[in-house]
Amino acid sequence: MRLILLFAAFVVLGLAFQSAVPHLISFRALIPNLIIILVVDLGLRHHGVLPAMLAFAIGYATDALAGAHPGLNAFMMTMVFLVSYEISTRLMVTNALVGASVVFFGVIATALATVAFADGFNALADTGSMLGGLTLEAAVSALVAPLIFSMLAASKRMTGLPVRAMRE
């Protein structure tokens with residue numbers, strides 16, 4: 001229950017940030033994808049059915065507030081969670097660098113998959129013009145990720161939740 005409440009609070013703050021800041025900053029690529037950072041933390045540090053359901057719920061909440069295609073963000077967040085989970089089971093230690101790397105590739109993969117599922121796979125041929133902004137958004141998200149991970153770790157310590165995966 002504490003995990004649900006903690007991530008619900010961070011998701012609400014993240015969605016509010018991502019919804020409000022584009023009205024203040026016209027260059028959208030500078031806004032980090034906080035939702036993917038939260039899902040990557042879930043995948044790297046919390047294993048089980050509940051975190052997977054949380055990742056789906058995070059994506060579903062994103063769909064409810066900003067999704068043009070219902071269910072697409074829920075699917076993509078679940079995929080990011082599964083990839084993060086699989087990476088964490090293969091590595092001995094999952095630190096902030098690993099998390100930032102997963103966030104970087106997660107932002108790019110999620111955006112390209114969204115284009116492919118929404119507009120068809122032929123639309124991927126026209127993504128060359130958006131790769132610069134997408135890479136910048138992924139880099140900004142990767143740079144912000146360690147800060148969010150540390151904020152999550154501090155919040156987990158305060159609530160008595162495990163900060164690291166059980167096997168570390």
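**Exercise 1.** In this predicted model, determine which helices each supply at least two residues of the lining of the largest pocket, and describe the residues of that lining by class.

*Solution.* Begin with the helices: α1, α2, α3 (49-66), α4 (72-90), α5 (96-119) and α6 (131-159) each contribute at least two residues to the lining of the largest pocket. Next, look for the largest share, which comes from α5 with four residues. The space enclosed is then to be stated, and for the largest pocket it is about 830 Å³. Of the 28 residues that line this pocket, those closest to its centre are Q18, R28, N33, N73 and E137. Finally, sorting the lining by class gives 16 nonpolar, 10 polar and two charged residues.

**Exercise 2.** Describe how helix α1 (residues 2-20) packs on helix α2 (residues 34-45), giving the angle and the distance between their axes, and state which residues make the contact.

*Solution.* Two packed helices are described by the angle between their axes and by the distance between those axes. For α1 and α2 the angle is about 160°, and the axes lie 9 Å apart. Because angles over 145 degrees count as roughly antiparallel, α1 is roughly antiparallel to α2. The crossing in which α1 passes α2 is right-handed. On the α1 side the contact is made by L3, F7, F10, V11, G14, L15, F17 and Q18, while α2 brings L34, I35, L38, D41 and L42. Divided by class, the residues of this contact are 10 nonpolar, two polar and one charged.

**Exercise 3.** Work out how α2 is oriented relative to α4, and list the residues through which the two helices touch.

*Solution.* The axes of α2 and α4 come within 7 Å and cross at roughly 40°. This angle makes α2 oblique to α4, and α2 passes α4 in a right-handed crossing. From α2 the contact draws on I35, I36, V39, V40, L42, G43 and L44, and from α4 on M77, V80, F81, S84, Y85 and S88. A division by class yields 10 nonpolar and three polar residues, with no charged residue in the contact of α2 with α4.

**Exercise 4.** Characterise the packing of α4 and α5 by the angle at which their axes cross, by the handedness of the crossing and by the residues that meet.

*Solution.* Take the axes first: those of α4 and α5 come within 10 Å and cross at roughly 145°. The handedness follows as the second step, α4 passing α5 in a right-handed crossing. In the third step the residues are paired by helix, with L72, F75, M76, M77, V80, S84 and I87 of α4 meeting V98, V102, A109, T110, A113, T114 and F117 of α5. The residues of this contact divide into 11 nonpolar, three polar and no charged.

Note on methods: Residues are numbered from 1 along each chain as its sequence is written. This is a predicted model: local features need pLDDT of at least 70, side-chain atom pairs count only at pLDDT 80 or more; totals for chains, interfaces and linings use all residues. Side-chain values use heavy atoms; hydrogens and water are left out. Axes are lines fitted to C-alpha atoms, for helices over the stretch in contact, and angles run from 0 to 180 degrees between N-to-C directions. Angles under 35 degrees count as roughly parallel, over 145 as roughly antiparallel, 65 to 115 as roughly perpendicular and the rest as oblique. A crossing is left-handed if the near helix is turned anticlockwise from the far one by less than a right angle, and right-handed if clockwise. Contact means heavy atoms within 4.5 Å. Ala, Val, Leu, Ile, Met, Phe, Trp, Tyr, Cys and Pro count as nonpolar, Asp, Glu, Lys and Arg as charged, and the others, Gly among them, as polar. On a 1 Å grid over the protein atoms alone, a cavity is a set of points where a 1.4 Å probe fits but cannot get out, and a pocket is an open set with protein on both sides within 12 Å along at least five of seven lines; lining residues have an atom within 4 Å of a point. Grid points are joined across faces, edges and corners, and a volume is the space filled by probe spheres set on the points.
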